[in-house]
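What follows is a short report for a reader who is meeting this structure for the first time. Please keep the sequence and the 3D view at hand while reading.

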Amino acid sequence: MAEGSVPGEVLAQRRSYEFVEAWGMAAGAHSRVLRPRNVEEIRASLEMARRESVPLGLRGTGNSYGDASVNGQGLVLDIRRMNRILAFDEEQGIAEVESGTTVRDLWKHILPKGYWPQVVSGTSFPTLAGAAAMNIHGKNNFAVGPIGEAIREFDIVLPNGELRTCRRDQHSDLFHAAIGGFGMLGVISRLVLQTKRVHGGYLNVHAFANHDLAEMMEYMQAHRGVADYLVGWIDCFAGGDGLGRGLVHDGRYLAPGEDPDPETTLTAAYQELGPNIFGVIPKSELWRPMRLLNNDWGLRFINTVKYWMGRLEGMGPPKPWTHAEFSFLLDYVPNWKWSYGRKHGHGLIQFQTFVPHEAAHEVYTDILRRCQRARIVPYLGVFKRHRPDPFWLTHAVDGWSFAMDFKVTPARREALWKHCHELTELVLDAGGKFYFAKDLVLRPEDVVRMYPEDKLEAFLKLKAELDPEERLQTDLWRRVFGPLRDRARAS
Amino acid sequence: MSTATETTPQAPRLAGIPPEKRRALVVGASSGMGAALVRQLAGEGYRVCALARRSEELEALRESCAPLAAATGGQVSVRTHDVTDTAAIPALFEEIVRELGGLDLIVYAAGIMPAVGEQEFDTRKDVDMLRVNTEGCVAWCNPAAELFQTQREGTIVGISSIAGDRGRKGNPVYCTSKAAMNTYLEALRNRLGDYDVHVCTIRPGFVDTKMTQGMDGLFWLISPEEASKAILGAARNRVNVRYVPLRWMWVGLVLRLIPSFVFRRLSI
């Protein structure tokens, strides 16, 4: 793209200089943000970065907990303006979208037609470009795999401006590398996704309160075949015999005809709760009182109440939850992360660990004990079952994941990182993995250990081939992979 | 004198504002309140970027601030810029923020008030006022708002005028431009309140600047230095709207209460 051409000029008017922050607020940097509206403007963005000899980081709605979409040394491309839903095939449930379309845009468009995205994250805000790049998973990972399994095709703009259309059988390498490639190979601009037929606006949700970790794992293992969604919540403060106590929610789709009034329940209005609790308390202000409880004693209290409420819930019959309610628990309280503090240096990280089935119980028992001993206890613990998938840099294993939300404060940051590094050792020793959408603590030596050597080498080779100037970079890339040329020299 | 310059510069204590959080941008800094604000900020150890159309005045300002800044560890840089060149602003804003190493305070002090005759309806003159007073304000405060919102920190100060309180015979579009500025700043304040960003609207009365030179019937006239002190005081106390000096508040109150059919007959 020559200088002064139209897309470049248009782009120059849609730029801003912002503090680009990790979702968990524990990292961030000032950057120029570019907001392309089409492929031409994506090319112009790449060209702008090339002209200024700075790296370009890719970002959607910035929902990665860590630094996956932060680029402190250059420009940031924000894909959100490309958010058109291009087509939806109501016969087969195939959606074609521009990649800045969010999970929320998608479900609102397709649910009234009787479909639900095959894989969604715990929040509905991520863009599908980000979801594909991080290869997100949902509470049904054990059954259907990550979002990559639902992607039939995508367009990707390579750093040299070339547009490639990838499918499983066309540019297969790039297909399997770019999904989960955390935005390091190109800018995904268009996606074709398979969605799932649903026969009602809600799920039947069974609740089960477990006394300890083993019981939770047993339940989830036993119900893998019948449940469509399985998610465990762990009270990380509970020790002794109750170590790992918590709740399992087991969600099941309705059979055809089971929902008496799908016309109503499939509407977006039915799916979402109003902005107020009991009609009067605005949810948007809830983070303020939550801030008062955002400490060890407060969370100990909340967790205890939640656990015992869960025991009551578990005694009752299955309850109907709408798809949106069940899937997007994290959206229930807007800006809840602010309860972790809003000043710089405060926030949260999520440390999500993936451990193979055989080792999981032992490793997770050890992790919980160590957290309690170190008095660095996660305020939220979420437990899920996973299965492997064919993507090169996948985080999934045939086993379990335990995601831990840790509060970050300036005073405790160093101790927290050290703590996480200790836990990282346990996970890696057991053959486990981590997930870049959640990460802010991994080091280069950890990443080398977590991927099969051939997959990692192939990925870096593809990166060097498609992006020899390393135009696409983020803080995450520099933290865990470092400059490619240094790696080449080292090896 | 030489010993004074050799001692380490010491920024004066300002409650709640650590030395590393003193980075300011003043738009419309070549004279009047803008210049006074730059001088005061430099004396407080701020790194200030001063923007204006007239480069000689800016240079003079920079030189006059140099000793103050050297004593406090502050710094004044200047840039020639015409606020009506809105297309240039996003890039210039970024350049300045990079140079300052961040931004904590932006003051929009640019404003023009050409004399308008009683029977004059000069669209060009009027549009110029709108462009400098209103459009320029929006074009500069928008990028600042975007930055401050995302960093959840920062203060925006807009120097409006008591003239925005009512539509007066004397200079209809000046009043309009300031009323628009008031509403814009109020909206910005409401929008950014959730992000801990403060927006302060300043409504000065008569200040002894070029704008008021040769005007009749001036009273309660204060110097730009007095005004700048009051302005920064208000901004730091997170005041929403401040008349400067404060007693103009009563004038503003009365002005706003006068019914239209009476106001029409008054020569104000």
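Two strands are said to pair if DSSP finds at least two bridges between them. The model described here is a predicted one.

**The sheet in chain A**

With that meaning of pairing in mind, one can look at strand β11 (residues 202-210) and strand β13 (residues 246-252) of chain A, which run antiparallel and are joined by 7 bridges. In this setting A:His206 stands opposite A:Asp250, which lies in β13(A). The two strands belong to an open sheet of 8 strands in chain A, whose order is β16-β11-β13-β12-β18-β19-β17-β20 and whose pairing is antiparallel. At its edges are β16 (319-322) and β20 (433-434) of chain A, each of which pairs on one side only.

Helix α7 (residues 213-222) of chain A packs on this sheet, where it touches β11, β12, β13, β18 and β19 of chain A, and its direction makes about 175° with that of β12(A).

Elsewhere in chain A, A:Thr265 has its place in helix α8 (residues 262-265). Because its relative accessibility is 5%, and buried means under 20%, A:Thr265 counts as buried. Leaving aside residues up to four places away in sequence, A:Thr265 touches A:Gly200, A:Gly201, A:Tyr202, A:Asp259, A:Tyr270 and A:Gln271.

**Chain B as a whole**

The secondary structure of chain B comes to 9 helices and 7 strands. Its radius of gyration is close to what the globule rule gives for 268 residues, so chain B is as compact as a globular protein of that length. The table gathers some values for the chain.

| Property of chain B | Value |
|---|---|
| Radius of gyration | 19 Å |
| Globule rule for 268 residues | 18 Å |
| Span of the C-alpha trace along its principal axes | about 65 × 40 × 35 Å |
| Residues that count as buried | 49% of 268 residues |

Among contacts in chain B between residues at least 6 apart in sequence, 71% join residues at least 24 apart.

**Helix α7 of chain B**

Helix α7 (residues 224-236) of chain B has 13 residues, which at 1.5 Å a residue should span 18 Å, and this agrees with its end C-alpha atoms, which are 18 Å apart. Which residues of α7(B) are buried? They are B:Pro224, B:Ala227, B:Ser228, B:Ile231, B:Leu232, B:Ala234 and B:Ala235. Seen down the axis of α7(B), these buried residues fall within an arc of 160°, so they line one face of the helix. What covers them includes α2 (32-43), β4 (105-108), β5 (155-159), β6 (198-204) and β7 (241-244) of chain B. After α7(B) comes B:Arg238, whose phi is positive, near 55°.

Terms used
Residues are numbered from 1 along each chain as its sequence is written. Chains are lettered from A and ligands numbered from 1 in the order in which they are written. This is a predicted model: local features need pLDDT of at least 70, side-chain atom pairs count only at pLDDT 80 or more; totals for chains, interfaces and linings use all residues. Side-chain values use heavy atoms; hydrogens and water are left out. Helices (H or I, at least four residues) and strands (E, at least two) are DSSP runs, numbered from the N terminus. Contact means heavy atoms within 4.5 Å. Axes are lines fitted to C-alpha atoms, for helices over the stretch in contact, and angles run from 0 to 180 degrees between N-to-C directions. The expected span of a helix is 1.5 Å times one less than its number of residues. Buried means under 20% relative accessible area, exposed over 50%, partly exposed in between (1.4 Å probe, protein chains only). The arc is that of the directions from the helix axis to the C-beta atoms. The radius of gyration is taken over C-alpha atoms; the globule rule is 2.2 Å times the number of residues to the power 0.38.
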